[in-house]
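Work through the exercises below with the model open. Each task is followed by a solution in steps.

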Number of protein chains: 2
Amino acid sequence: MTDTNKHELERGLHLTPRFDANGLVCAIAQDATTQEILMVAWMNADSLALTLETGIAHYWSRSRNELWKKGDTSGQIQHVRDILVDCDQDALVLRVDVAGDGGACHVGFKSCFYRSVRSKSGDLIQTQVDPKA
Amino acid sequence: MTDTNKHELERGLHLTPRFDANGLVCAIAQDATTQEILMVAWMNADSLALTLETGIAHYWSRSRNELWKKGDTSGQIQHVRDILVDCDQDALVLRVDVAGDGGACHVGFKSCFYRSVRSKSGDLIQTQVDPKA
């Protein structure tokens, strides 16, 4: 990368995402009100374009290998308040308001990050209210 | 993946990170006080073990292909207050207190996410105070 390109990437005011070898960038959904990190997903160019077009988060499902409108079946639609891009434009933060029950995780928790590492040996504790309790 | 393995991965209380083909998991650093998302980086097994051992964030630099103690030259050491893991254990959130000037981005901003997408055409605006202004 030339210095000019690097400068444009880092300081420029136009979105030029650096998709990886699989055509994806990392996308983090963050609750726009509580700032809680809800989930990490992936976007290809199509899902990003659709998200910008509709204001509703669309991702690329790596497991199903298909475009994925988050909440289409669960009702947990993510209305995008803002999209942030990082310095080298290979990661995005979507600041969202979540419809439905407000959750984001298929296991049932509000956030996918419902466990915390408690020790060097890798013991976890659950940090969110269990949806099945 | 069997149902038992999936259940253990999602509901189990032991850290079993699912490293990708390059041996990496995505790691998000979040300011433990303000909840601001500071940066997205990558960890291999060694950097994760060192982070758990020392309480200081270590990553794997994909560009330099080496273990990277964040802040070693800049002073922006990340003291890890908590590590969260997501449902399928391929992403981590590090809740950190940052030493030095409190920043995380090599460009000079506090967070790497200093630009916001303002339009469907992909125009960006800068959302943080410019360190060079």
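The coordinates are those of a predicted model.

**Exercise 1. Pairing within chain A**

Determine in which sense strand 5 and strand 6 of chain A pair, and over how many bridges.

Solution.
- Locate the two strands: strand 5 of chain A covers residues 78-85, and strand 6 of chain A covers residues 91-98.
- Their pairing is antiparallel and runs over 7 bridges.
- To fix the register, take Val80(A), whose bridge partner in strand 6 of chain A is Val96(A).
- Turn to the hairpin connection: 5 residues lie between the two strands, and Gln89(A) has a positive phi near 55°.

**Exercise 2. Strand pairing across the chains**

Find which strand of chain B is joined by bridges to strand 5 of chain A, and state what pairs with strand 7 of chain A.

Solution.
- Strand 5 of chain A is joined to strand 7 of chain B (residues 115-117) by 2 bridges, and the strands run antiparallel.
- Within this pairing, Val85(A) has Arg115(B) as its bridge partner.
- Next take strand 7 of chain A (residues 115-117): its antiparallel pairing with strand 5 of chain B has 2 bridges.
- Here Arg115(A) is bridged to Val85(B).

**Exercise 3. Extent of the interface**

Give the number of residues that each chain brings to the contact, the area buried, and the three residues of chain B that supply the most of its buried area.

Solution.
- Chain A brings 51 residues to the contact and chain B brings 51 residues.
- Between the chains, about 4300 Å² is buried, with 56% of it from carbon and sulfur atoms.
- On chain B, Arg11(B), Phe113(B) and Arg115(B) together account for 17% of the area this chain buries against chain A, more than any other three residues.
- Arg115(B) is also the bridge partner of Val85(A).

**Exercise 4. Polar and charged contacts, and the side of chain B**

Count the salt bridges between the chains and the residue pairs in polar contact, then describe the side of chain B that touches chain A.

Solution.
- There are 6 salt bridges between chain B and chain A.
- The side chains of Lys120(B) and Glu53(A) form a salt bridge, at 4.0 Å from N to O.
- Polar contact across the interface links 36 residue pairs, with both residues at pLDDT 80 or more.
- Elements giving two or more residues to this side of chain B include helix 1 (3-11), helix 2 (45-54), strand 5 (78-85) and strand 7.
- Helix 1 of chain B gives the most, with 5 residues.
- By class, this side of chain B has 25 nonpolar, 12 polar and 14 charged residues.

Note on methods:
Residues are numbered from 1 along each chain as its sequence is written. Chains are lettered from A and ligands numbered from 1 in the order in which they are written. This is a predicted model: local features need pLDDT of at least 70, side-chain atom pairs count only at pLDDT 80 or more; totals for chains, interfaces and linings use all residues. Side-chain values use heavy atoms; hydrogens and water are left out. Two strands pair if DSSP finds at least two bridges between them. Helices (H or I, at least four residues) and strands (E, at least two) are DSSP runs, numbered from the N terminus. Contact means heavy atoms within 4.5 Å. Buried area is the accessible area (1.4 Å probe) that two parts lose on being put together, summed over both. A polar contact is a pair of N or O atoms within 3.5 Å; within protein, one must be able to donate a hydrogen and the other to accept it, and residues adjacent in sequence count only if both atoms are side-chain atoms. Ala, Val, Leu, Ile, Met, Phe, Trp, Tyr, Cys and Pro count as nonpolar, Asp, Glu, Lys and Arg as charged, and the others, Gly among them, as polar.
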